[in-house]
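This report goes through a protein model with its ligands, site by site. Please keep the sequence and the structure at hand while reading.

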Amino acid sequence: MLRFVGVYKSYSHPGYALQNINFSVQKGDFVFITGPSGAGKTTIIKLITREETPSQGRIFFGNTDISRISRRKIYQYRRKLGIVFQEFRLIPYLTVYENVALPLIVQGKKKRETESRVQQLLKEFEIIHKYRELPSSLSGGEQQRVAIARAVAAAPELLLADEPTGNLDPFLSRKIMKLFKKLNLKGTTVIVATHDISLVEEFGERIIYLSYGKIKKIV
Ligand SMILES: Nc1ncnc2c1ncn2[C@@H]1O[C@H](COP(=O)(O)OP(=O)(O)O)[C@@H](O)[C@H]1O
Ligand SMILES: [Mg+2]
């Protein structure tokens, strides 16, 4: 499904954020990317979402090299992804309900179907009582739950989550990981970037360990 081949990434300053990254993810995998802060986890996620492009190397989604596709194709490609951003990126002028409903509306789902799906998700993520609020009036943990609900709403082929439990207490973190596992069992491929090694140890099957922009090991 996804393959990194000899990927290097440098930002504006000298030196590499990522060096010679090679790995592949099969359909149905549940993969953790872990390592200390600054190791390059977010950079890998941003390369997959095509927010960044590699300085060298190739990234394949299926047979397509995603660093060489047109802008129009990028939007088509992104519709296959569910993304939980490290900084949430909720739409500030839309309510909790509307934020989660948006990907379903974009997909052209019927109003009734959208309503029941959003309700179910908001209940599952324990945020239903805030459905009319704007993101600015929510705590970090609440915003994170809305961001996760939005990412999984439209049943993406590939779910990408960058530090999805960064603002959640251990109890809710585990609950969210179990939800990801449940989605994974139903066929969604999942990639989670996290520095939280206890979460990785508890839930990890396939783990990519990063250190200073290089893959240290893959298990
Ligand atoms: N937009 C950027 N511009 C310049 N340097 C960046 C940018 N984003 C990340 N970096 C650098 O790339 C390295 C990897 O960062 P990042 O991928 O965010 O790591 P992680 O998510 O593992 O904490 C760090 O040294 C960071 O300072
Ligand atoms: Mg990061």
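Glutamine 86 has a relative accessibility of 37% and so counts as partly exposed. The model is a predicted one. Glutamine 86 supplies OE1 as a donor to the magnesium ion (ligand 2), and the other protein donor is OG1 of Thr42. The two donors lie 2.0 to 2.7 Å from the ion. Threonine 42 belongs to helix α1 (residues 41-48), whereas glutamine 86 sits in the loop between β6 (81-84) and α3 (96-106), so the pair links parts that are 44 residues apart in sequence. With a relative accessible area of 24%, threonine 42 is partly exposed.

**Ligand 1**

Thr42 also appears among the residues around ligand 1. The rest of that list is Tyr11, His13, Ala17, Pro36, Ser37, Gly38, Ala39, Gly40, Lys41 and Thr43. By class, this shell is made up of 4 nonpolar, 6 polar and 1 charged residues. Polar contacts of ligand 1 with the protein are given in the table.

| Atom of ligand 1 | Protein partner | Distance |
|---|---|---|
| nitrogen | N or O atom in the side chain of histidine 13 | 3.0 Å |
| oxygen | polar backbone atom of glycine 38 | 2.7 Å |
| oxygen | N or O atom in the side chain of lysine 41 | 2.8 Å |

On its own, ligand 1 has 560 Å² of accessible area, and the protein covers 62% of this.

**Phenylalanine 88 and glutamine 144**

The loop between β6 and α3 also holds phenylalanine 88. Phenylalanine 88 has a positive phi of about 65 degrees, although it is not a glycine. Its relative accessibility is 9%, so phenylalanine 88 counts as buried.

Phe88 is one of the contacts of glutamine 144 when neighbours within four places in sequence are left aside. The others are Glu163, Pro164, Thr165, Gly166, Asn167 and Leu168. Glutamine 144 is part of helix α5 (residues 140-153). Is glutamine 144 buried or exposed? At 0% relative accessibility it counts as buried, because the cut-off for buried is under 20%. The side chain of glutamine 144 comes to 2.9 Å from the backbone nitrogen of asparagine 167.

**Helix α3 and the loop after α4**

Which elements do the buried residues of α3 pack against? They pack against α4 (111-124) and α5. The buried residues in α3 are Val96, Asn99, Val100, Ala101 and Leu104. After α3 comes glycine 108, with a positive phi near 80 degrees.

Glutamate 126 is located in the loop between α4 and α5. Glutamate 126 is not a glycine, yet its phi is positive, at about 55 degrees. Glutamate 126 has 35% relative accessibility and therefore counts as partly exposed.

**Threonine 188**

Threonine 188 is placed in the loop between α6 (170-185) and β8 (189-194). Its relative accessible area is 10%, and threonine 188 is buried. With neighbours within four places in sequence left aside, threonine 188 is in contact with Asp29, Pro156, Glu157, Leu159 and Leu183.

Terms used:
Residues numbered from 1 in each chain as written. Chains lettered and ligands numbered in written order. Predicted model: local features only at pLDDT ≥ 70, side-chain atom pairs only at ≥ 80, totals over all residues. Heavy atoms only, no water. Near = heavy atom within 4 Å. Polar contact = N/O pair within 3.5 Å; in protein donor to acceptor, adjacent residues only side chain to side chain. Areas by Shrake-Rupley, 256 points an atom, 1.4 Å probe, with all protein chains shown as cover. Nonpolar A, V, L, I, M, F, W, Y, C, P; charged D, E, K, R; others polar. Donors = N, O, S within 2.8 Å, 3.2 Å for Na, K, Ca; no water. Helix = DSSP H or I, 4+ residues; strand = E, 2+ residues; numbered from the N terminus. Buried < 20%, exposed > 50% of the residue type's maximum accessible area, 1.4 Å probe, protein only. Contact = heavy atoms within 4.5 Å.
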